[in-house]
Each structure stands twice: as C-alpha cells, then as structure tokens.
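Student: Let's go through the pockets and the ligand in this one. Please keep it simple.

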Amino acid sequence: MLKLFYAPNACSLAPHIGLEEAGADYEAVRLDLKAGEQRNPDYLALNPKGRVPLLITDKGPISENPAILTWIAQAYPEAKLAPTGDAFAFAKFLSFCAGLSSGIHVNFAHAFRASRWSDDEAAQASLKAKAPANVAADFKTIEGQIKGPFVLGQDYSLADAYLFVFVRWGKNMVEMSAYPKVMAVHDAVAVRPATRKVLADEGLA
Ligand SMILES: N[C@@H](CCC(=O)N[C@@H](CS)C(=O)NCC(=O)O)C(=O)O
C-alpha cells in the first residue's frame, strides 16, 4: 500500500489531497516536525533530506512535491488530476508546480526557518523581515499566471491543491484580498470533498 509521510498543514497537504482526489488506497503517516521526527534515523534512511512529503510506492520512495503530484496524476489517470495527455499543458502544470516549490515555498521558509541560511540572529531577523515582501511579489506573479477559474483553466488539477497550501500560509503573512484569482482557486479547492476530508484528517478543519 502507498504510504505518505506528512506533517499537519505542511506542504505535504498537497499530495495528501492528491491521494484523496485520486481515490488511492494509502496510509498517511504523521511526523511531528517540531519534535524533530523528520530527523529520526529510520526516516532519514527513507528520505535523507529529512523533509516531508515523502511518498513510498511499490517501486520505492519519491520526494519533492512536483514529482509526487506528477506521479499521483499519472498513476490515477481516470481521476484527471493533471493534463497528462497534452505535452504543452502538462509542461505548464509542471512549470507552475516547480515555480511554487522553488519560489514561494523558499520565501516562506525564510520566515519560518531562517536558521537554515544563517546562524547569525541579526541575519535571521533580516531574512524574516524580507519574507512578506517576497511572498507578496510571488502571489502577484501567480495571480497573473492563473487562467481561471482554476490555475490551468476550466479543469481542476493538483496545481490548485498545491497553491491551496501556500494561500493557507499566506493568510497569516500578507493581505490576500489583493489576489482575487488566487483566492478563487483557494475557495474552490477548500470546498472539494477530498480537501475537506484531508483537512479533517490532519486536524485542521
Ligand atoms: N522541495 C521540497 C520541500 C519540502 C519541505 O521543505 N518540507 C518542509 C515542510 S513544508 C519540511 O519537511 N521541513 C522540515 C525541516 O525543515 O526540518 C518539496 O517541495 O517537497
């Protein structure tokens, strides 16, 4: 059976929603990041990066959100979770997900985990102080990328579920009403049965 290692309200929320949308048979394994469970030797043996999410498949583990979301979409084509049959549309899906992973996620991490980049307290404070402006700039770019009503246009995809995570984080950092298309995606994802189930399962409902 598939096994997803996750932490509540972490970026692993996206593949968690993805597995539920796919109707997959999976076990969700919770890690307590504050307690450092991601650095337990047993977990590091599976994912030497010491991060969530990690999806264990019958062929082995997959890390990195864009790769996991792609795998879910391709493994469950009947769920139509990404435009896998159209090379251009699929590249746009990947481009959007990779942009979230390497862009806005990293800018949030400057606020949440500045100690990754510096041991110096003043430097950490400086990284944290700059994060909201960078996150706001990222949401502005994302707002321009959304075709509407969903990220890729008429059809829901796991790019929407992935964006949903960063909107949840962004609400506590920037004024989200400045990004109506982003918020429309968030609101549409929030009411989907798969999302509601996963939020409840992660204790976030
Ligand atoms: N590029 C990775 C980033 C994963 C990541 O940074 N996960 C965070 C949670 S959102 C984590 O596990 N942090 C634990 C830590 O830094 O110790 C991905 O997109 O999957």
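**Pockets and ligand**

Student: What classes of residue line the second largest pocket?
Tutor: Its lining has 9 nonpolar, 5 polar and 4 charged residues. Gly counts as polar, and Asp, Glu, Lys and Arg as charged. A pocket is an open set of points on a 1 Å grid where a 1.4 Å probe fits, with protein on both sides within 12 Å along at least five of seven lines; lining residues have an atom within 4 Å of a point.

Student: How far should I trust the model?
Tutor: The model is predicted, so local features need pLDDT of at least 70 and side-chain atom pairs pLDDT 80 or more, while totals for chains, interfaces and linings use all residues. Residues are numbered from 1 along each chain, and side-chain values use heavy atoms, without hydrogens and water.

Student: How many residues line the largest pocket?
Tutor: There are 35, and Ala-10, Leu-33, His-105, Arg-113 and Arg-116 lie nearest its centre. By class, 16 are nonpolar, 9 polar and 10 charged.

Student: And in the second largest pocket, which are closest to the centre?
Tutor: Pro-83, Ala-89, Lys-92, Leu-152 and Gly-153, out of 18 lining residues.

Student: OK, the ligand. Which residues come nearest?
Tutor: Gln-38, Arg-51, Val-52, Glu-64 and Arg-116, out of 16 around the ligand, counting residues with a heavy atom within 4 Å. These 16 comprise 6 nonpolar, 5 polar and 5 charged residues.

Student: What does the side chain of Arg-116 do there?
Tutor: One of its N or O atoms is 2.8 Å from an oxygen atom of the ligand; a polar contact is a pair of N or O atoms within 3.5 Å.

Student: Which ligand atom does the backbone of Val-52 approach?
Tutor: A nitrogen atom, 2.8 Å from a backbone N or O atom of Val-52. For Asn-65, a backbone N or O atom lies 3.0 Å from a ligand oxygen.

Notes:
A polar contact is a pair of N or O atoms within 3.5 Å; within protein, one must be able to donate a hydrogen and the other to accept it, and residues adjacent in sequence count only if both atoms are side-chain atoms.
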